[in-house]
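Reader: Hi! I'd enjoy a close look at a single part of this structure, the place where the two chains meet. Could you walk me through it?

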Amino acid sequence: MAKQHITFTLNGQAVEALVHPRELLIHVLREQLMQTGAHIGCETSHCGACTIDIDNESVKACTMLAVQADGADILSVEGLAANGELHAVQQAFVDEHGLQCGFCTPGMLLRAYRFLKENPTPTEEDIRWGMSGNLCRCTGYQNIIKAVQTASRTLQAE
Amino acid sequence: MIPGVFDYHAPTTMADAIALLAQYGDEAKVLAGGHSLLPMMKLRFAEPAYLIDLNKINELRGISEANGMVRIGAMTTENQLIASDLLAQKCPLIPEAARLVADPQVRNRGTIGGDIAHGDPGNDHPAVMLAVGASFVLAGPAGERTVAADGFFLGTYWTGLEEGEILKEILVPPVTASTGHGYAKLKRKTGDYATAGAAVQLTLNGDVCDSINIGLTNVGACAIKATEAEDVLRGQVITEALILTAAEKAMAMTDPAEDLRGDVEYKTHMAGEMCRRALRQALARAKGGA
């Protein structure tokens, strides 16, 4: 099967790739475009380590074909900071010790980024439900909840 | 993790999608949200030679009301169901159940049509469709036909979709002020398929149950319409004693598969308990409670 030429916006930059239809978006991001922040933690679409933002929605990039991203607007963890300044969700994960090994963190950050746009002032229960597509082995989630709460307050104050 | 090789098509009209499906026959699969199909392909359980992506067909999206029916495009995502004010007012069981499907990311891609057409007994929408009395518009080379949800689910991964047909839209009759609903889903964790689930929608006329539909999730080869349980309650003033009897009838209609979620006995009893809970909730709501 012939490769297909796709173009999309990645962290504000126009990018292109030549992909086989069967190539998963997560592999194209990591292997062709060298954006290795998004991770792979499973093959059954559960863990959310590959979560990125596509057209203003959180998506697991392991469960989407790269050809389907043609024309999309994508944000990955590499695009969260602006001019070297951490985004509020990044700073909050640091301040609240919301990560240890850091493997789930890029997916957690992208999900938190989008979740706080969907629900800017969530309750703890809202956060746990809103982050339920992202697994973490290290933190026990408690400090991730605190980080999202802190990021919510920061963003509200801005 | 690595799917087999296939050829990819992304038509922009239903006519083109139907033509492609006719051309490639059973070597082709339609790709909707991709959150059942791609996982199966990544494990090589499914190895279609052609994928026909429906995501660029705008007529398959959207929720509207026409001719006294609520119409849900098959490519409407789970989160769009949850966000719909029209559904919250007219078909509240659907968004309520959608909140129990998978997780936020999956709900941004997974569609109601895909959830139904997959024919997996673990999916939630089939039983919900039985409960709300939905019907499905199926489009194929010979045109469109409309079939009832009751009778559509035939077995595991087996539905009333004929070869070459695509589920186009879901039609749901709107609820009335005296309609109540409930979906009780027992699961091991958020995002898991049900160990057992029950969807109920009933309408009261005074104190008497005028109409009732009960659908059961993941306790048989496909979603089950618990007709024998419905017969216990229809035309009656629903009492706790009748709810217990109806749940026994529902349990007798189940045929669950033993797996890591439990054995046959456990799932059967949980089907009964979910039925009782959904019935109590639906009854309370029909009487005007929350």
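Author: Happy to; what follows is a walk through the contact between chain B and chain A, told mostly from the side of chain B. Please keep in mind that this is a predicted model.

Let's start with the extent of the contact. Chain A and chain B each bring 29 residues to it. Together they bury about 2700 Å², and carbon and sulfur atoms account for 60% of that area. On the side of chain B, the residues that lose the most area to chain A are Met1(B), Tyr8(B) and Gln105(B), which together make up 24% of what that side buries.

Now for the polar side of the story. There is one salt bridge between chain B and chain A: Asp103(B) pairs with Lys60(A), with 2.6 Å between the closest N and O atoms. Polar contacts across this interface come to eight residue pairs, with both residues at pLDDT 80 or more.

Which elements of chain B take part? At least two residues each come from β1 (7-9), α2 (37-42), β3 (50-53) and α6 (104-109) of chain B. Of the side that touches chain A, α6(B) gives the most, with six residues. Sorted by class, that side of chain B holds 14 nonpolar, eight charged and seven polar residues.

Finally, a word on where this sits in the chain. Chain B is divided into domain 1 (7-53), domain 2 (63-172) and domain 3 (179-286). Within chain B there is also a contact between domains, in which 23 residues of domain 2 meet 25 residues of domain 3, burying about 1900 Å² between them.

Notes: Residues numbered from 1 in each chain as written. Chains lettered and ligands numbered in written order. Predicted model: local features only at pLDDT ≥ 70, side-chain atom pairs only at ≥ 80, totals over all residues. Heavy atoms only, no water. Contact = heavy atoms within 4.5 Å. Buried area = accessible area lost by both parts, 1.4 Å probe. Salt bridge = Lys/Arg side-chain N within 4 Å of Asp/Glu carboxyl O. Polar contact = N/O pair within 3.5 Å; in protein donor to acceptor, adjacent residues only side chain to side chain. Helix = DSSP H or I, 4+ residues; strand = E, 2+ residues; numbered from the N terminus. Nonpolar A, V, L, I, M, F, W, Y, C, P; charged D, E, K, R; others polar. Domains from an automatic or database assignment.
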